[in-house]
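Please open the structure in a viewer and set the side chains to be displayed as sticks. The tour below proceeds by selection, with a description of what is to be found at each stop.

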Amino acid sequence: MPIQQADSGEWTVPRVRNNLLFRPVLPERNLRKGETVTRLRSVACSALLGTTLAVASTTVFAPPASAGSLYWKNGTNVSKSTVWSGATASNMQCYFPSGYNATMCIRFDRRAIYVRNDKANGYFKLGQWTGGGNTYICQNNRTKTSGDGSWVACQWNWPKKNCYTKRTGYGQHEWYVISPASGVKCY
């Protein structure tokens, strides 16, 4: 809708009747040129801000397209010989990053996670195997001195046609800390 100049030299804006988004944009009255531009700029900024907020809220708060699942188990005690029995370089990989006091090993032939408590310091230890959108966590609850060097096992039937990363961690009943991810293993 164009801004019109009256014979008196003042600027006017006709009433907008069919625009549902901005009705009424400006009242029918004589406006000075500066006032009209300021009001139009204000309306344009409001419309832009409203559109931006609407798009952001649907984008930011939308649920993920394919949210994976978290599988968490307390491991069962196993001996060191059980963990290493029949282990080869092709069917077992271990990960033990510095500072987390935990070792986790994956047995591909058994689809098992083994977690060792490397230091009994009052925290439980974790082994995490993540891939294909899913996370598998095995928890070693042996936190006391008798837990030093103890192994636990957790078994799942995770999909074989994915790429996975390993992590270790430690924590207490209300929190836990997880290590950076290992290299990727695809099988």
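Are Y136 and W158 buried or exposed? Both residues are buried: Y136 is, and W158 is as well. The model in view is a predicted one.

**First stop: the aromatic rings**

Across the whole structure, a search returns 13 aromatic pairs. Select W129 and Y164 to begin. Their ring centres are 4.5 Å apart and their planes lie at 10 degrees, so this pair is classed as stacked; the class applies to planes under 30 degrees apart. The pair connects distant parts of the chain, with W129 in strand 9 (residues 124–131) and Y164 in strand 12 (residues 163–172), 35 residues apart. W129 and Y164 are both buried.

Now return to Y136 and W158. Here the ring centres are 5.7 Å apart and the planes stand at 55 degrees, so the pair counts as tilted. This pair, too, links distant parts of the chain: Y136 belongs to strand 10, while W158 lies in the loop between strand 11 (151–155) and strand 12, and 22 residues separate them.

Extend the selection to Y71, F108, W129, Y136, W156, W158 and Y164. Ring pairs join these residues into a cluster. Which charged end sits over the ring of F108? Add K185 to the display: its charged end is placed over that ring, 4.9 Å from the centre.

**Second stop: Q139**

Select Q139 next, in strand 10 (residues 134–140). With a relative accessible area of 9%, Q139 is buried, because buried means under 20%. The side chain of Q139 makes a polar contact of 2.7 Å with the side chain of W72. Display the surroundings as well: leaving aside residues up to four places away in sequence, Q139 touches W72, K73, N74, G75, F124, K125, L126, V152 and C154.

**Third stop: Y100**

Where is Y100 found? Select Y100 and follow the backbone on either side; the residue lies in the loop between strand 6 (92–95) and strand 7 (102–107). Y100 has a relative accessible area of 16% and is therefore buried. Its contacts, with residues up to four places away in sequence left out, are K125, T168, G169, Y170, V177, I178, S179 and P180. For a distance to display in the viewer, choose the C-alpha atoms of Y100 and G171: they are separated by 9.8 Å, although the two residues are 71 residues apart along the chain.

**Last stop: the salt bridges**

How many salt bridges does the structure hold? There are two. Select D109 and R107, whose side chains meet in a salt bridge of 2.9 Å from N to O. Colour the two residues by accessibility: D109, at 46% relative accessibility, counts as partly exposed, whereas R107, at 1%, counts as buried.

Then select R116 and D118. Their side chains meet in a salt bridge of 2.5 Å, N to O. R116 is partly exposed, its relative accessible area being 28%, and D118 is partly exposed with a value of 29%.

Terms used: Residues numbered from 1 in each chain as written. Predicted model: local features only at pLDDT ≥ 70, side-chain atom pairs only at ≥ 80, totals over all residues. Heavy atoms only, no water. Helix = DSSP H or I, 4+ residues; strand = E, 2+ residues; numbered from the N terminus. Buried < 20%, exposed > 50% of the residue type's maximum accessible area, 1.4 Å probe, protein only. Polar contact = N/O pair within 3.5 Å; in protein donor to acceptor, adjacent residues only side chain to side chain. Contact = heavy atoms within 4.5 Å. Phe/Tyr/Trp six-rings, centres within 6.5 Å; stacked < 30°, edge-to-face > 60°. Lys NZ or Arg CZ within 6 Å of the ring centre and 35° of its normal. Salt bridge = Lys/Arg side-chain N within 4 Å of Asp/Glu carboxyl O.
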